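Trainee: Got a minute to go through this one with me? I'd like to start with how the chains touch.

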Amino acid sequence: MSLLARKLVRDTRRQWVQFAAVALTLALGVAVFGAAYDSYDNLKSSYAHIYDRLRFADVTVTGGDTAAIAAGVRGLAGGPAVETRVQADIPFRVRRGGEVHTLLGRVVGQPPAPRVDALLIQRGRGLDPARPAGVVIERHMADHFHLAVGDTVEVFAATWRTLTVEGIAVSPEYLWPARDRQDLLTSPDDFGVVFADEGLVADLAGSSPAHQVVVRAPRGADVAAFERQVHTIAAANDAADVMTQAEQPSNAALQQDVAGFGQLAVLFPVLFLVAAALAAYVLLGRLVRTQRGQIGMLRANGYPRRRLLRHYLAYGAIAGVAGSIAGAVGGLGLALWLTSTYTSSLGIPLAVAHFHPLTPVIGVVVGTVAGALAAFGPARTASRVAPAEAMRGVVPLGVAHRSVVERVPGLRGLPVRTRLALRNLGRSPRRAVSTGAGVALAAVLVLSSLGMLDTVTLVMNDQFHHIQRQDAQLYLASPADANLQAAVRAVPGVAAEEPAIEAPVVISNGGRRYQTALTGFAPNTAMHRFDAALPDGGLLLGDALGSILHVGAGQTVDVAVDGNPPAPVRVAGFVHEPIGSLAYTTIAHAQQLAGGNALPSLLVRYDAHADRTAVRTALVDLPGVVAFRDVRGSEETVRQLLGLFYAIVGVMLLFGSILAVVVLFNTLSVNLSERTVELATLRAAGGRVATLARMMTGENLLLVAAAIPAGLVAGWLTGRWLMSSFNSDLYHFTLRLRPTTPLLLVAALLAIALLMHIPSRRSIRRLDVARVVRERAL
Amino acid sequence: MTGLELAVELVGVRRRYGEGAVAVDALRGVDLSIRSGEFVVLLGPSGSGKTTLLNIVGGIDSATDGTVRVAGHDLAGLDADALAEFRRTCVGFVFQFFNLIPTLTARENVALIAELVERSDRSADLLRAVGLGDRLDHFPAALSGGEQQRVAVARALAKEPQVLLCDEPTGALDLDTGRQVLSLLRHVNREEGRTVIVVTHNQVIARMADRVVRLHGGSISGDEAIIDPLGAEALEW
């Protein structure tokens with residue numbers, strides 16, 4: 001080992017805590033990168049694998065002449081797989097123990113061996129033509145109601161009919177059990193899917209089945225071009241809706257989640273790597289300053305600049321290599337954990353967890369380069385030291401001056417200790433800026449994470465308490481009459497009720513179409529918050545539809561309900577709602593547009609302290625009530641589904657806090673070591689350890705306080721960007737923060753700076769005053 | 001102070017650094033008494049133990065063995081806080097390399113010590129007394145070496161210490177500025193009656209002391225009173 005290499009090792013060992021802190025930050029960055037990127041890739045692979053295995057439809061066409069559409073698609077090049085089917089949303093009744101659960105479920109017709117949208121049977125067996133009354137239950141419903149093979153489910157088709165569960169299966173269409181694009185956050189209490197023989201479904205669906213054609217593109221085909229061809233055929237045969245795989249509700253929801261991982265894979269590692277580079281820069285800058293004499297000696301003895309540059313670059317590279325190798329290994333483990341936690345929490349079978357050798361390699365390279373880059377500035381400084389100047393052993397001081405604060409009239413008489421703290425901020429401007437940037441980055445990480453949590457919490461509160469004001473929705477066999485309304489009102493715990501109707505519709509403007517749900521409310525509804533009055537004869541649309549359909553208020557769109565010809569309707573205005581892009585009108589107008597396809601319901605609000613279970617039991621027992629939807633149950637489901645999101649954000653919060661501690665710890669260490677002589681002199685003069693430690697803590701607090709405003713602004717902007725990246729026709733998130741969140745963040749950062757008082761005090765107490773003041777030994 | 005009281009009394013003071021084979025005995029049983037108001041020079045070559053002795057008297061180092069009594073305080077057995085309290089009230093240090101805080105002006109460097117020891121701020125008066133009345137608001141970088149050392153003396157005096165301990169106070173200065181600083185120390189000793197102990201390896205400086213204590217190999221090798229000390233301005237080296 002060369003002597004310089006030995007020096008490098010010994011210097012690193014001497015300041016191992018500081019180097020370890022830099023390496024830890026780099027490790028966190030590389031680990032987050034590896035975990036997020038590999039999870040992203042694993043999840044994409046898992047979905048691709050299961051979609052391929054179960055032949056998930058590339059296009060689903062609803063309505064029109066399905067036989068002609070199927071024939072037309074079959075004639076396309078490559079021989080695409082095509083199936084026709086019938087599906088319908090009808091009331092289900094599930095008996096569990098002594099309880100009866102009523103919900104609005106879906107029956108889907110299925111051949112025994114479908115070429116598209118096959119089922120993965122997990123228990124029991126698949127559909128069997130020999131047992132036409134047997135059905136297969138989608139896994140979420142089976143799990144939620146603890147249904148086993150041999151159990152029964154009742155479905156409402158004029159009367160309640162009992163079906164036997166033959167099997168329990170996973171469907172590519174319901175990996176995320178969403179009823180439709182406007183109802184992605186469906187509670188399993190309110191929605192379940194049953195697969196049955198085509199003939200049975202046609203029988204159960206009665207007069208309002210949805211006829212569909214599901215199509216899978218030939219292997220190797222240009223899917224986008226194929227979709228366009230199917231679209232053309234569907235349009236030519238009066239299809240009501242054409243839905244691509246990307247638009248399919250379950251897939252859209254899952255892909256949006258996966259995309260979130262993709263963003264994390266970029267943003268958070270960058271934050272960590274920059275913070276680590278800043279910490280390394282501060283540490284190595286200090287190292288070079290203390291070694292000016294050595295550097296001068298080496299230069300005086302003819303050591304080439306390049307070798308010195310390489311020598312000091314190696315300090316950063318050492319921290320980079322150590323940190324990034326640890327991070328890469330940690331990232332692999334974290335990725336496996338994230339993938340398995342995510343897939344098992346969503347019940348996704350056939351999870352794929354690959355080892356991606358390139359990810360740790362990229363992590364190590366990027367981490368090492370970040371470390372070396374951080375070292376570049378100090379290393380260049382070292383290589384440019386003039387030998388004669390360096391040999392004097394005196395570090396040239398910048399021009400000392402009074403701080404800005406002291407120039408404020410009235411603040412000139414501050415205690416000298418306070419003035420010292422203020423001036424030390426400007427003593428090493430680069431270090432102060434680097435530390436401030438590190439603190440700001442930690443604030444960005446924490447605030448954007450907290451902002452995401454706050455936004456989701458506040459949005460849920462808005463959606464389920466202020467916009468949707470009902471506690472439950474009763475689906476009815478026929479429109480509500482006065483007797484039923486009176487019976488509902490008479491149920492103990494019911495505060496109010498109001499009729500409403502729903503219908504699936506396709507809204508189009510020129511060539512642009514959008515499938516959504518139309519809800520008709522009482523003109524002065526108390527169950528839904530509208531900023532403007534409901535228009536009689538017009539529509540209020542979710543504001544994303546304005547850009548999707550290229551339509552403005554006052555213009556006309558075509559509204560089609562399956563089976564009815566499109567009707568022109570005026571857009572009266574837009575509503576800003578965080579979840580979904582729905583259409584609203586008055587109950588009378590909705591009835592006129594939907595005709596027999598409208599689903600009548602009663603919206604019910606409970607008393608504040610109602611026994612929800614008792615109210616539900618009483619309501620579903622009323623004659624004419626065929627299904628029940630608990631809005632609070634939906635809210636609870638959403639919160640459960642967000643469990644993983646909370647876990648990930650929790651990890652980010654933890655990492656952000658570690659980042660803040662590391663940055664402050666390194667700055668404090670450098671501050672202390674740089675001022676060893678001053679502190680020892682003050683100790684020799686009788687300065688108390690506590691007093692001197694308070695001075696250092698005061699400086700840290702000032703530095704943190706100065707960095708906080710920038711951190712808050714940057715964190716808010718980052719959070720806004722992150723939330724906006726989730727925006728689509730399904731979600732509309734604008735960053736929202738609880739007033740306490742920034743205050744808590746500020747308090748936490750200041751608390752970390754205060755906590756640094758402990759090591760500061762210990763270091764000052766341990767100062768060898770006699771040696772330092774005599775030898776100026778640092 | 002009467003001039004008869006003992007400012008410093010050392011009995012059998014030993015100081016050992018390290019243990020076993022690498023142990024170094026910096027002081028090997030030193031007995032020394034210094035009266036209040038004396039100007040004493042501790043003279044000796046490098047490694048003779050003079051700075052160790054000064055540090056033990058100043059309470060920034062501790063004896064391994066023996067009795068150390070300074071300004072009426074028995075330093076043996078005092079813990080770190082008690083030693084800090086002692087330094088706060090009884091002794092002042094002047095170091096070879098000044099050790100001023102670069103971000104504070106001359107006045108502030110002195111005032112900081114007054115603040116730390118909770119004394120009234122006489123920084124301007126002290127700096128005027130050391131001849132720096134026109135340099136009060138200058139930062140250390142704008143002061144010469146001699147001026148910086150005079151600020152350091154003023155800083156040490158801010159606590160009104162009974163004993164002023166100076167470790168090679170002229171070691172980093174040229175002849176002229178060295179003389180100025182020594183003259184100032186003499187003035188503090190004569191006019192204010194403070195005990196001044198100066199550590200140096202420069203034999204010439206010994207000629208301005210009331211008493212010269214020579215150290216060699218960790219022991220006192222000589223102790224002589226100077227009957228007619230020279231003024232600092234008469235020194236040449």
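Mentor: Sure. Two residues are in contact if their C-beta atoms, placed from the backbone, lie within 7 Å. Also, this is a predicted model, where local features need pLDDT of at least 70 and side-chain atom pairs count only at pLDDT 80 or more, while totals for chains, interfaces and linings use all residues. Residues are numbered from 1 along each chain as its sequence is written, with chains lettered from A and ligands numbered from 1 in the order in which they are written.

Trainee: Okay, how many residues does the contact take from each chain?

Mentor: Chain B puts in 28 residues and chain A 26 residues.

Trainee: Which helix of chain B gives the most?

Mentor: H3(B), with six residues on the side that touches chain A. Helices here (H or I, at least four residues) and strands (E, at least two) are DSSP runs, numbered from the N terminus.

Trainee: What's that side of chain B like by class?

Mentor: It has 16 nonpolar, five polar and seven charged residues. Ala, Val, Leu, Ile, Met, Phe, Trp, Tyr, Cys and Pro count as nonpolar, Asp, Glu, Lys and Arg as charged, and the others, Gly among them, as polar.

Trainee: And how do H12(A) and H3(B) cross?

Mentor: At roughly 125 degrees, with their axes coming within 9 Å. Axes are lines fitted to C-alpha atoms, for helices over the stretch in contact, and angles run from 0 to 180 degrees between N-to-C directions. The two helices are therefore oblique to each other; angles under 35 degrees count as roughly parallel, over 145 as roughly antiparallel, 65 to 115 as roughly perpendicular and the rest as oblique.

Trainee: Which residues make that contact?

Mentor: A:Val416, A:Arg417, A:Arg419 and A:Leu420 from H12(A), and B:Glu108, B:Ala111, B:Leu112 and B:Glu115 from H3(B). They divide into four nonpolar, no polar and four charged.

Trainee: Switching to sheets: what's the strand order in the six-stranded one in chain B?

Mentor: E6-E7-E8-E3-E9-E10, an open sheet with mixed pairing. Strands pair if DSSP finds at least two bridges between them. The edge strands are E6 (91-94) and E10 (219-225) of chain B.

Trainee: In which sense do E3 and E8 of chain B pair?

Mentor: Parallel, over five bridges, and B:Leu42 of chain B stands opposite B:Val199 in E8(B).

Trainee: Last one: how many residues of E9(A) are buried?

Mentor: Seven of its seven, where buried means 20 or more other C-beta atoms within 10 Å of a residue's own, with C-beta atoms placed from the backbone. E9(A) pairs in the antiparallel sense with E1 of chain A over four bridges and with E2 of chain A over seven bridges.

Technical notes
Buried ≥ 20, exposed ≤ 12 C-beta atoms within 10 Å, placed from the backbone.
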